[in-house]
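Trainee: I have a model open and would like to practise reading its interfaces. Could we go through the reasoning together?

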Amino acid sequence: MNKLNVVGKREPMLDAWEKATGRARFTDDLSLPGMLYGKILRSPLAHAKILHVDLSEAEKVAGVKGAISGKDIPKKKYGIVPMAKDEYALAIDKVRYIGDEVAAVVATSLDAAEEAISKIRVDYKELPAVFDPIEAMKPGAPIIHDEVPNNVSASIHKEFGNVEKAFRESDFLFEESFETQAVNHCPLEPQAALAIVDPSGKVTLWASTQIPFFLRRNLATTLDIPESKVRVIKPKVGGGFGQKIDLYAKDFCAAFFAMKTKRPVKFVYEREEVFISTRQRHPMRIHLKTGMKKDGTILAQQFKVIADGGAYNSTAPLMITLACYFIMLPYRLENLLFEGYHVYTNKPVGGAMRGHGIPQVRFAVEAQLDSIAEKMGIDPLDLRLKNAFQAGEPHPAKLLVQTCGFSDTLKKAAEGIGWKEKRGKLPFGRGVGLAGASFPSGVSNMSHISSGAIVKIERDGSITLLTGAADIGQGAETVISQIVAEELGVPLEDIRITAADTEITPLDPGTFGSGVTLRAGNAAKIAAQAAKEKLFEAAAEKMEIRIEELEAKNRRIHVKGNPERGMSIQEAIKFYQYSDRPMPIIGRGSYQPPAKEPTTLLKEDGNFSPAYSFMTQAAEVEVDTKTGKVKVLRMVASHDCGKAINPMLVEGQLEGSVVGGMGQALYEEVITEKGQVLNPSFLDYGIPTAMEVPSITSVEVETNDPEGPFGAKESGEGTQLAPAPAIINAIYDAIGVRFKSLPVTPEKVLKALQENAQNQNRDPESLDPDPEINSG
Amino acid sequence: MRLPKFEYLEPKTLKEAAKALASDTKESVLLAGGTDLLVNMKHKVIQPKQVINLKTIPKLAYISNGKDGLRIGALTTLHDIASSQAIQEEVPILSQAAGEVGAYAHQVMGTLGGNLCQGNRCRFYNQSAFWRGVKSPCYKVGGKICHVVPARAGGGRKPKECHSTYCGDMAPVLIALDTQVRVVGPNGERVFPLSKLYTQEGKKPLSLRKGEILKEILFPPPSGKALYLKWRRRESIEFPIVSLAFHIEKDGNERIQKARIIFSGVGSGPVEALEAEKMLKNASLDDWMIEKVSNQAIKEISPMRTSIHSPAYKRKMAGILLKQALEKISS
Ligand SMILES: Cc1cc2nc3c(=O)[nH]c(=O)nc-3n(C[C@H](O)[C@H](O)[C@H](O)COP(=O)(O)OP(=O)(O)OC[C@H]3O[C@@H](n4cnc5c(N)ncnc54)[C@H](O)[C@@H]3O)c2cc1C
């Protein structure tokens, strides 16, 4: 491949300076003359019929400009997955969890809006509620949505190969149960929206969203107006992790009130609202049976998975499907029987979260693999290497894996953590562990999963790039600009980017499924090529050579391999104009992943994604055997992202994944009691702080995927799959306890250590004569 | 969340502040760093008519080490205490404890006086008004129930109006160090041992009389060895799940003369394990003794389910912290 000048470089994020100096403008930083402030009244009951909502006292509060409840809005359901729509912007007839939206007000000040909210009177008829998914599945359980009498709103029952036969042929069978907890995404920027309506009746909404174009569609649906009457603009977004792909009441209410009052309207959620009434990672109960051959081949797996969905669907069908299919990567698995249920309960709602349904099952698989390895007397690394999927192998669900660096990531992560020297050899209380995973780089063929881009070459030689891609902090705008700069042979600073405005920028599905770099990057690359071609035509004419002989580098267009023979881009533009070619120079690109066997997986098998990333994370931990506290000392993250367009940003993703995975393994849990979240704040919800972050080494593995731009695959969501099980496996190596439910708190560790000590009739403390006191 | 409406006063002197605080016509509260108060006001746990800002009164923030010993003004920030060289040399555990309060932002804004006078905590009322609205109001916010120990018909436990927990970091340390507190009221000053500031009553945790304001902390000459062990999940932001301040004085023959064992996070005020302290007098610290003392100490605390951590876990950790402290001291 040609030497690259911009792609592959450690370029700082384009807006890093803006963000680091506090100048970046997020939705809540925007403000318009005459703006009204909104607040939402939420249900204090987990399950109840709404008999009557009395807004009259709220309307009397000075400064209040509007108050609505469910009966005032169009009766239009929404949901991020079209087949699973089950939610109204404000509850109509019924509330289904503590925090469900009941009414909303707008006022000239937040104080007035808060006061007004406290004056709304709601008569409820309380209904029996159900908080446990297994209880919810039993006959006679309270029915949360009338259309779903057994509370199972999405399920999957799939078999690949012949599991019964494979179990019969297995030399060993292993059967275990695992449990994962509810985890909140905790984006630092809470959800917010600001809406205005112009005299023609068009709504413009600035929102902290990951998916402006889907939001436009959902907003149009719920407002019951044409999509052409809605414009969504994404300002800076302070993190999403999947929590900002849904439409929320704040989006609907801002737009609805703007239409009603003809004034700008802003809604911003409190942190408490982010915790109780946005989305969270689905807690899962996982029963897993695995059949093994003597030689260490994984022959078959059988799963029963029950996901606690909370009160609504959000991404339910997709989540449970992903959980199923991505068991068949990164290990070869020809026989799989998967039974998965998404169950309604009267609790906060589950949704997409970095990894989306996969981290939970991956934890079960990776933890079980380690115990299988031990029982079979095989090194867990060797067991994984033996079963590692390879590029080009046939896949039982027909996924087309063109590049696969999984084995490399295993070796590199193991080497990085010092596997050979450390595994099983460190003193009691210290241990290493690893885990692998795979993730799609976007989805191939679901409704409007394609991206567009426009590249304009301006008269001064600078480049304007329009992309629909939604940068939510991961650096999409930087990466896509790098791709365009590389293609046009200009430095990054020559690119001006406008992104994620449904009125100006081309269609893009948004940031989810880890598809942005591949999909929007390809669209931008095609657009840049198209623009370049026009300029090349003029340059070739002037130089009297063929277009194919030209290349663009260092702001010049010249003969390939001969920089002397050519001209600057500006000269080329001048000639372009003087030769009566029409300005402006515009290149357009649209990209949809090739789908030889198009599928959504929901209905049929087939290739789900244009490319698959692979990764291994390895952890070294220290367990304070007197207090049970686990400290992650070091993580090595080895990731096959195809090609790192910007290694610094890939590292950023890997580092973030370690913190997130550590949170899920050791610290975080949304705790509820009768449906009420007990810890809806950063004080009580234990998300790791900078103080907990271990030393992190990132090792990139490059496989140069043929489908990705410059060979790139994903490095976002997938990175989140392996850290938690790696940490759990390291804990086993440290203290000999296999934890099967997350998070592994000091309290659980201490209890397990004491039980072990009683069982073995020895004091674990005696093994550790002088541990450092860990008093934080 | 917005602050409820209130009147705001910037007094020029402590006396003026004390008078304003004592005036019967208004329900007033004092504002120091605001890191505790303002959160409670936003949650509408407290809705005062008047807020009196102490920070505008001159000369209340100081660390002085003169011939009458070490004194720290009530408005001194925790950050100043954590970074003061005089304190680091004289009473290192004090700067350590100050540096472990909440996160950096709390230490920069938060004051010593505010820390000592901070409200008790409970998972049922350190929550937003919306959150609390899910349940009936508890004693602390004018209701008739304590959700921690709901009264049962003919129930066993003695009824108590509020089981909220004291979770401050500085009080256990300063009590263990035998400090005194000077308070200024509308009718003059009084000085008393800091331990007497705490009533052990959840509903009114401080013994301050109407209009009284904490002015300064007075230290005895430094003696013996002291340790502060704070147990929490993360190394920042968090209150102690349970913490222990331990102070020990030995005579010339290495015999223990006096020991103070003070816990935070396990009662309605800082809790002193008096019987365990007595056991330590003249004791030699072998493994058997350490076990015995820590077993005794955990009998003297009665943690309640006021946070997401169970009372049993708090009790277990209290014992472990004390064991660790004794091992450290004896080695
Ligand atoms: C997220 C979070 C984490 C925290 N973590 C901890 C922790 O780990 N450990 C800890 O100890 N605290 C913690 N706190 C509580 C608080 O931040 C500290 O206790 C701080 O020191 C309080 O001091 P302040 O000056 O801000 O008090 P304020 O909020 O100003 O006042 C607190 C109370 O004391 C009263 N008061 C203040 N000064 C005086 C005075 N001179 N005389 C009489 N009454 C007075 C006020 O009226 C008020 O009732 C935390 C708070 C938060 C929000």
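Trainee: How many salt bridges cross the interface of domain 2 of chain A and domain 3 of chain A?

Mentor: Zero, by the rule used. Keep in mind that this is a predicted model. A salt bridge needs a side-chain nitrogen of Lys or Arg within 4 Å of a carboxyl oxygen of Asp or Glu, so a count of zero says that no pair across this interface was found to meet that rule.

Trainee: What classes of residue does domain 2 of chain A bring to that side?

Mentor: The side that touches domain 3 of chain A has eleven nonpolar, one polar and seven charged residues. Charged residues are there, yet the salt bridge count is zero. Polar contacts do occur, with eight residue pairs between the two domains.

Trainee: How do you know which residues belong to this contact, and how many does each domain give?

Mentor: The cut-off is heavy atoms within 4.5 Å, and therefore 19 residues from domain 2 of chain A and 23 residues from domain 3 of chain A are counted. The centres of these domains, taken over C-alpha atoms, are 36 Å apart.

Trainee: What area is buried there, and which three residues of domain 2 of chain A supply the most?

Mentor: About 1,800 Å² is buried between the two domains, with carbon and sulfur atoms giving 68% of it. On the domain 2 side, Asp86(A), Tyr97(A) and Phe275(A) supply 31% of the area buried against domain 3, more than any other three residues.

Trainee: Let's turn to the two chains. Why is the pair Glu673(A) and Arg123(B) called a salt bridge?

Mentor: Set the distance against the rule: the closest N and O atoms are 3.2 Å apart. The cut-off is 4 Å for an Arg nitrogen and a Glu carboxyl oxygen, so the pair qualifies. Across the interface of chain B and chain A, five salt bridges are found, and 21 residue pairs are in polar contact.

Trainee: Which element of chain B gives the largest share of the side that touches chain A?

Mentor: Helix 12 of chain B does, with seven residues. By class, that side of chain B has 14 nonpolar, six polar and 16 charged residues.

Trainee: And how many residues and what buried area does this contact involve?

Mentor: Chain B gives 36 residues and chain A gives 40. The chains bury about 3,600 Å² between them, 53% of it on carbon and sulfur atoms.

Methods: Residues numbered from 1 in each chain as written. Chains lettered and ligands numbered in written order. Predicted model: local features only at pLDDT ≥ 70, side-chain atom pairs only at ≥ 80, totals over all residues. Heavy atoms only, no water. Domains from an automatic or database assignment. Buried area = accessible area lost by both parts, 1.4 Å probe. Polar contact = N/O pair within 3.5 Å; in protein donor to acceptor, adjacent residues only side chain to side chain. Nonpolar A, V, L, I, M, F, W, Y, C, P; charged D, E, K, R; others polar. Helix = DSSP H or I, 4+ residues; strand = E, 2+ residues; numbered from the N terminus.
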